[in-house]
Each structure stands twice: as C-alpha cells, then as structure tokens.
Amino acid sequence: MVSFSQAIRTCAKEKYATCKGRATRAEYWWWTLFNYIVLIGFIIVAGLLAEATHEKGFYALGLLPYLYFIIPNICVLVRRLHDTGHSGWAMCFSLIPYVGGIIVFVFTLLDSDPDNQYGPNPHNSSFYYHNNYQQNYPPYYQQGQQQQYNPPYNQQGYPQNNQQGYPPYNQQN
C-alpha cells in the first residue's frame, strides 16, 4: 500500500506531468487529501492576511496552489483511470452536467484491474510497486504480448541467480 508521503513524492516530483502508467487507489486518494489540506491552509492564511492588512488582494493568495496542482491532478486522475482499465479520456465524463462527476468518482473508487494495456497491476507486482513505480516494463507489455515475466528478485527480495549467496561479499573471516 502506498503511504501518504510516498503518494506526495510520486505525484509532486517523480510523476508530476506523467500520464503514462497506473496509480493505485491509495496513491490517488492520498494525493487528493494532500491537495485539500494545502488548499485549505492557503485559503486560511490568505484570509488572515487580508483581514489583518485590510487588503483584498491577499485573497488571491489562496488560489496559488491551483496553479501548481492542476497538472499533477489531471495526470494522477488519468493514471487512476488507467488502473481501473479506462482510458484517460474517461475524465471527460465529468463535463456531463449532474452525473458526469459521479461517473468519474465511481471510476476512481473501483478496484485495480489485472495487468492491462497500461502496465502490470501494482498490487500484484511487488518488483515494480516497491521500486518507486518505475516505468521499465518488460518488452512484452510494450508489444502487447502476454507472457510470464520473472523479476530478478525472489519473494524475499534477494537476487535470484546469486552464485556467492546473499549478501554478495566474501564470507571468509
């Protein structure tokens, strides 16, 4: 499961403008929570500054995070839709009055699809999931072939073909 800090790091730094790949439900919702916390904090600070100085221009300070958050919000939503097996264009459903936002909301609540055209399932693929969501998919995902892929690490996290044993140093004292 993705932690709060890991979701922020992924969305704000590593995949700021990346719509390629998949985002788990936890990553999407942690990022959304972080968005609201920052936005509410900026609005409170802007309101306090505006009231203290009697300058209405400080209210615009509360809108500054929107400029930073608009790109990663779109990208993490697209990656979340990819994770549920939908195209990123499905976010255009939100343009339908009254029901469109509900449709996209339901899509974000759905569980992850198994491996699909957008990459391996992050819940089942610990090799990709625990290595900072690297986009280094095996070649068969890029070619659309379905083959078995064996990561270079076993279930305990040790290299599989290590002839010297683990840890890989001389064990003679």
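This is a short talk on the fold, helix packing, salt bridges and surface of one predicted protein model.

Hi everyone, and thanks for coming. Before the tour, some housekeeping. The model is predicted, so local features need pLDDT of at least 70 and side-chain atom pairs count only at pLDDT 80 or more, while totals for chains, interfaces and linings use all residues. Residues are numbered from 1 along each chain as its sequence is written, and side-chain values use heavy atoms, with hydrogens and water left out.

Let's begin with the overall fold. The protein has six helices and zero strands, and along the sequence the pattern reads α-α-α-α-α-α. Helices here are DSSP runs of H or I with at least four residues, strands are runs of E with at least two, and both are numbered from the N terminus. Of the 173 residues in the protein, 35% are buried. I'll use three words for this: buried is under 20% relative accessible area, exposed is over 50%, and partly exposed is in between, with a 1.4 Å probe and protein chains only.

Now, how do some of these helices pack? Take helix α2, residues 25-53, and helix α3, residues 64-83: their axes come within 10 Å and cross at roughly 165°. The axes are lines fitted to C-alpha atoms, for helices over the stretch in contact, and the angles run from 0 to 180 degrees between N-to-C directions. On that scale, under 35 degrees counts as roughly parallel, over 145 as roughly antiparallel, 65 to 115 as roughly perpendicular, and the rest as oblique. So α2 and α3 are roughly antiparallel to each other. Their crossing is left-handed, a word for the near helix being turned anticlockwise from the far one by less than a right angle, with clockwise giving right-handed.

Helix α3 also meets α1. Those two axes come within 9 Å and cross at roughly 115°, so α1 and α3 are roughly perpendicular to each other. This crossing is right-handed.

While we are at α1, have a look at Q6, which sits in that helix. Is Q6 buried or exposed? At 18% relative accessibility, Q6 counts as buried. The C-alpha atoms of Q6 and W31 are separated by 9.4 Å, with their positions 25 residues apart along the chain.

On to the charged contacts. I'm calling something a salt bridge when a side-chain nitrogen of Lys or Arg is within 4 Å of a carboxyl oxygen of Asp or Glu. How many salt bridges does that rule give? The count comes to five.

One of them joins R9 and E14, with the closest N and O atoms 3.3 Å apart. Both partners are partly exposed: R9 has 33% relative accessibility, and E14 has 36%.

Another pairs R22 with D83, where the closest N and O atoms are 2.8 Å apart. R22 is in the loop between α1 (4-14) and α2, and D83 is in helix α3, so this pair ties together parts that are 61 residues apart in sequence. Both residues are buried, R22 at 3% relative accessible area and D83 at 0%. R22 and D83 also belong to a network of salt bridges that includes R80.

A further bridge runs between D111 and R25, whose closest N and O atoms are 3.3 Å apart. This one links distant parts of the chain, 86 residues apart: D111 lies in the loop between α4 and α5 (126-129), and R25 in helix α2. R25 is partly exposed, with a relative accessible area of 33%.

Next, some backbone angles. Most residues other than glycine have a negative phi. H54 is not a glycine, yet has a positive phi of about 60°. H54 lies in the loop between α2 and α3 and is exposed, at 68% relative accessibility. Y98 also has a positive phi, near 70°. Y98 belongs to the loop between α3 and α4 and is exposed, with a relative accessible area of 79%.

Last stop, the surface. I102, F105, V106, L109 and L110 make a nonpolar patch of about 420 Å². Patches are made of residues with over 30% relative accessible area and no salt bridge; like charges are joined within 9 Å, and nonpolar side chains (Val, Leu, Ile, Met, Phe, Trp, Tyr) within 5 Å. The areas come from the Shrake-Rupley method with a 1.4 Å probe, and for residues, only the protein chains shown count as cover. One member, L109, is found in helix α4, residues 100-109, and is partly exposed at 39%.

That's the tour. Thanks for listening!
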